Amino acid sequence: MDTAKNRDFDLSANAGASNIQLMTMALDASNSGVIITDHTQPDNPIIYCNKAFENITGYSRKDIIGHNCRFLQAQDRNQKEREILARCIAEGEECRVEIRNYKKNGDLFWNELYMAPVKNEAGEVTHFIGIQNDVTWRKNAEHDLRQQKTVMEKKIRERTMALKDSEAFLSSIIETVREGLLVLDPDFNVLSANYHFLRTFKVSLEETVGRQLYDLGNHQWDIPKLRDLLIKILPTNNPVVDFEVEHDFPHIGRKLMLLNAYRVEFEGQFKDQILLAIEDITERREVENRKDDFLSIASHELRTPLTTIKGYVQLLERAMPENASQKFLSTFGKVSVYVERLNALIGELLDVSRIQSGNMELHVARFDFDAMIAEAVDGMRATVPTHNIMLKGQTGASVIADESHIAQVVTNLLSNAIKYAPDSKQIEVNIANVSEYVKVSVKDFGLGMSQEDRKKVFERFYRGVEIQKKFPGMGIGLYICDQIIKNHNGTLWVESEIGKGSVFSFTLPKAGKEQHG
Amino acid sequence: MDKKKILICDDDEGIIDVLEMIMEEVGHEVMSVNDSLKVQEVIDKVQPDLLILDLWMPRLSGQDVLRYLRSHPQHDKLPVIVISASRDGEQIANAAGADQFIAKPFDLGNIVESVDALLN
Ligand SMILES: Nc1ncnc2c1ncn2[C@@H]1O[C@H](COP(=O)(O)OP(=O)(O)O)[C@@H](O)[C@H]1O
Ligand SMILES: [Mg+2]
């Protein structure tokens, strides 16, 4: 590049020297950088620059004059603004571009450049005037804005994806569960139904989605109680739990359906939705009932021949000749014992099945607690003369409970005490008042049990580790006792030490004073 | 004690046999019916002094028999002992108006005592 000659420019031959000076001062006072290039010279060199141009670019006048203004672009030569600029200059037109320029120290600045041609009388372009403004600040702001916008857009994209994902996730769950599912909007219109629902009710998507729940089928869900519960879901967040509907449904006939409904929160359009799960429990219920029937029938059927056996044994006993041998008599006695044991086992089986199916019926009435205990103890004394059962204390209390169940617990604890204390004859039954409860303790001085056994003896089918080989049993007696006492709002527990014996105790709430009149 | 007429109604022949034997042994006159649908007819014919009645029978349950008896003035004083192997038998029997409930498997001594007590 040729070295610039520092010469004054001359716009008009007529311009007076003072005028030029005035104008130069005005230009130097401007905040915008101003340059003038000479189009008549090769490579269009800068022949004038004002103070502001020096300030903006950081270059001094001597670095500027004579150069083509492209030096401002440093190595950043591929901007499309440059082409616009070049074309305008070539064609002698004005133009406005924003272009990246670089200060002397290398800092980027955004130059808002306005270039206007100056023409002579013949219409030929002689000069260009360039006005520059440093718009870096604005550009940065714009850039930040754009950046923010892209970040935002990215976030929105991601969010939408996530939403789509979670929706896809949700619908994949909805499709896979083996339960009929409906998604309802707040007005109980069906938004979607899963495959299992359609299959259960033998309906199509078209006759389901978009319709109100209560209009489905033969208005099977239009039940005032259900409406009530569903209405409350969204405002109160209370789910509908295990609502049973027995109904003659179209296509599938009479069925028992179990309904559960929850509020689900989504983002976006349908914020609150209701997820309604419908399960056909017809068969399950039938099986349950049948199982319960089966066990009670079985136990009844087993007891009937047992009754006959017991009857014949007793008839034989009564017909026993005076001179019957001791052996003959004791054998008879043993038959009766085993008949009783079989009977007790049958009863326990039935009890377990009832507890498991939740069908343990309580026949609750007020009774004299002390009398009930005395009766149970007497009954035990009569059947087991080998042990000495002492009854201590009294409560004078009444209890409102199922007397036969409580008596069963006492009998059970006593027979365990006897069974698991074969070498000690003493058994103590204590009854007492403790606050608003009566308390019964059955104490033996027998085998006792380990800590591990203590923790588990109330579990179904659990039998002591050491004991199970030596004593017969099914391990359900204490389980039944525990369930019975729990059903009566009491507690049953054990204290025991190996080799010293065990104390089983339970409490029951006392009845309030009897109302007279 | 005079000879009394005892009617036994149970669908199980074994139980009928045992009860017949014990009642005869203690000197009563015994009749039995194993079809509860016929019990009404038999009662009218033989006019028993006491009925031993099973609860769980096919066709007509002991509960229904008892209800029928208690709602007819000519029978509502007839002493009835209900025998049953079901756990809630006692509640059902009491509610339907039985004089006495004895669980199966029963003790013959118990049956004899209860019969005597009700006949006096
Ligand atoms: N009085 C007791 N002394 C020692 N161990 C006992 C006593 N009562 C119960 N157990 C233990 O608790 C277990 C469970 O008792 P239970 O449920 O009555 O079933 P089972 O007597 O048929 O084994 C018994 O197997 C035994 O190990
Ligand atoms: Mg036991």
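What follows walks through the sheet of chain B and the helices around it, as seen in a predicted model.

The sheet of chain B is an open one, built from five strands that pair in parallel and run in the order β2-β1-β3-β4-β5. At its edges sit β2 (29-33) and β5 (100-103), each of which pairs on one side only. Going from strand to neighbouring strand, the average turn is 20°, with direction ignored. As for the β5(B) edge, this strand pairs with β4 (residues 80-84) of chain B in the parallel sense, and the pairing spans four bridges. Here B:Val82 has B:Phe101 of β5(B) standing opposite.

Two helices can be placed against this sheet. Helix α2 (residues 39-46) of chain B packs on the sheet and touches β1 (5-9), β2 and β3 (50-54); the direction of α2 makes about 175° with that of β1(B). Helix α3 (residues 62-70) of chain B also packs on the sheet, but its contacts are with β3 and β4, and its direction makes about 150° with that of β3(B).

Then there is the helix pair α1 (residues 13-25) and α5 (residues 108-119) of chain B. Their axes come within 11 Å and cross at roughly 60°, so α1(B) and α5(B) count as oblique to each other. The handedness of this crossing is right-handed. On the α1(B) side, the residues involved are B:Val18, B:Leu19, B:Ile22 and B:Met23; they meet B:Leu108, B:Ile111, B:Val112 and B:Val115 of α5(B). Sorted by class, that contact comes out as eight nonpolar residues, with no polar and no charged ones.

Key
Residues are numbered from 1 along each chain as its sequence is written. Chains are lettered from A and ligands numbered from 1 in the order in which they are written. This is a predicted model: local features need pLDDT of at least 70, side-chain atom pairs count only at pLDDT 80 or more; totals for chains, interfaces and linings use all residues. Side-chain values use heavy atoms; hydrogens and water are left out. Two strands pair if DSSP finds at least two bridges between them. Axes are lines fitted to C-alpha atoms, for helices over the stretch in contact, and angles run from 0 to 180 degrees between N-to-C directions. Contact means heavy atoms within 4.5 Å. Angles under 35 degrees count as roughly parallel, over 145 as roughly antiparallel, 65 to 115 as roughly perpendicular and the rest as oblique. A crossing is left-handed if the near helix is turned anticlockwise from the far one by less than a right angle, and right-handed if clockwise. Ala, Val, Leu, Ile, Met, Phe, Trp, Tyr, Cys and Pro count as nonpolar, Asp, Glu, Lys and Arg as charged, and the others, Gly among them, as polar.
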